[in-house]
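Please go through the structure below with a reader who has not seen it before.

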Amino acid sequence: MPELPDVEGFREVLDSCGRGRRVRHVDVRDTGVLRGVGVRRLRREVEGRRLGRPHRHGKLLVAPVGDGPALVWHFGMTGELVPASAGDPLDRHDRVVLTLDGERQLRYRDQRKLQGVRLADGPGAVARMLEGLGPDALDIGRGEFLALLAGRRGAVKALLMDQSAIAGLGNLLCDEILWRARVAPGRPARDLGEAEARRMFTAMRRVLATSCRASRVPPRPGWLTGHRDDADPVCPRCGTPLRSRRVSGRRTVWCPACQH
DNA sequence: ATACCTCCCTGTGGGC
DNA sequence: TGCCCACAGGGAGGTA
């Protein structure tokens, strides 16, 4: 699930429910989601400290605890951050439960455990975790975006999906952006014309803005995302049957009539 | 630099 | 009904 808009929603959850509150207890219910940190060190570094202002870069969510370390979440395909009360029944996929002041809880819920939680010792460690990522998709300027496209000969969708080039876009967002900009996913990025490249940037901004408001890529009837799982999906713009194939290892859906 | 492959996990839905 | 496989909105690491 989680792409930039989803993680932005988790950041808001963390900010509104967690910021300024002390972590009373860390309950690791499944160590399979801990990355590079064990239960003991996690508890020692986090329990008793207050959550700071959370920060998101791409699909990573960084939550400072106290004045030193930070929790760093990556939600994989199925992760989410769920606000709860201590008395609420646990979900079978609640992997890590933070109990805060006032019986509040933040639960890291994740079915597949493809990614998980890391602990950064301090600001330097946070920076190292982020250093492989490109600029955040919400921050990148048009000039920088156009330069990115011009510098790649591979498929434009592969570029958008590459977190080291631009951080935050996932499979659904990429397909939606390409569909809105009327660009076929397999086109070599550097072959795009000026007008196409500008449409790509505009589409990215609009799709991100709307998706962030919904904290997800909304499966609206007028969006490609609203139809990709239909039995016989057709383009919501022109009615042409949609096509589907793998691009950069992911299912890619596009309209052969409006995307060139 | 880029395209492919496998692997990491769990759950679901379809075909047989 | 049961079994097996492919696939699912994540990424890393290795190979050509």
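The questions below deal with two DNA strands, two helix pairs and one residue.

Reader: What kind of model is this, and how is it numbered?
Author: Residues are numbered from 1 along each chain as its sequence is written, and chains are lettered from A and ligands numbered from 1 in the order in which they are written. Side-chain values use heavy atoms, with hydrogens and water left out, local features need pLDDT of at least 70, side-chain atom pairs count only at pLDDT 80 or more, totals for chains, interfaces and linings use all residues, and the model is predicted.

Reader: Which class has 5 residues in the surface near DNA strand B?
Author: A residue is near a strand if one of its heavy atoms lies within 4 Å of it. Around DNA strand B these residues include Arg-92, His-93, Arg-112, Lys-113 and Gly-154. Ala, Val, Leu, Ile, Met, Phe, Trp, Tyr, Cys and Pro count as nonpolar, Asp, Glu, Lys and Arg as charged, and the others, Gly among them, as polar. The surface has 2 nonpolar and 3 polar residues, and the class with 5 is charged.

Reader: Which part of DNA strand B does the side chain of Arg-112 approach at 3.0 Å?
Author: A polar contact is a pair of N or O atoms within 3.5 Å. Arg-92 has a polar side-chain atom 3.1 Å from a phosphate oxygen of DNA strand B, and for His-93 the distance to a phosphate oxygen is 3.2 Å. For Arg-112, the partner at 3.0 Å is a base oxygen.

Reader: Which residue has a side-chain N or O atom 2.5 Å from a phosphate oxygen of DNA strand C?
Author: DNA strand C is surrounded by 17 residues, with Met-1, Met-77, Arg-246, Arg-250 and Arg-251 the closest. The side chain of Arg-112 has an N or O atom 3.2 Å from a base nitrogen of this strand, while Asn-171 places a backbone N or O atom 2.9 Å from a phosphate oxygen. The side chain with an N or O atom at 2.5 Å from a phosphate oxygen belongs to Arg-246.

Reader: Why are helix 6 and helix 7 called oblique to each other?
Author: Helices are DSSP runs of H or I, at least four residues long, numbered from the N terminus. Axes are lines fitted to C-alpha atoms over the stretch in contact, and angles run from 0 to 180 degrees between N-to-C directions. Angles under 35 degrees count as roughly parallel, over 145 as roughly antiparallel, 65 to 115 as roughly perpendicular and the rest as oblique. The axes of helix 6 (residues 171–181) and helix 7 (residues 194–214) come within 8 Å and cross at roughly 130°, and the pair is therefore oblique.

Reader: How many nonpolar residues are in the contact of helix 4 with helix 7?
Author: Helix 4 (residues 142–150) packs against helix 7 at about 125°, with the axes 10 Å apart. Contact means heavy atoms within 4.5 Å; among the residues that meet are Phe-145 and Leu-149 in helix 4 and Met-200 and Phe-201 in helix 7. The contact has no polar residues and 3 charged ones, and its nonpolar residues number 7.

Reader: How far apart in space are Arg-11 and Leu-60?
Author: Arg-11 belongs to helix 1 (residues 4–18). Leaving out residues up to four places away in sequence, Arg-11 touches Pro-54, His-55, Arg-56 and Leu-61. Arg-11 and Leu-60 are 49 residues apart in sequence, and their C-alpha to C-alpha distance is 9.7 Å.

Conventions:
Polar contact = N/O pair within 3.5 Å; in protein donor to acceptor, adjacent residues only side chain to side chain. Helix = DSSP H or I, 4+ residues; strand = E, 2+ residues; numbered from the N terminus.
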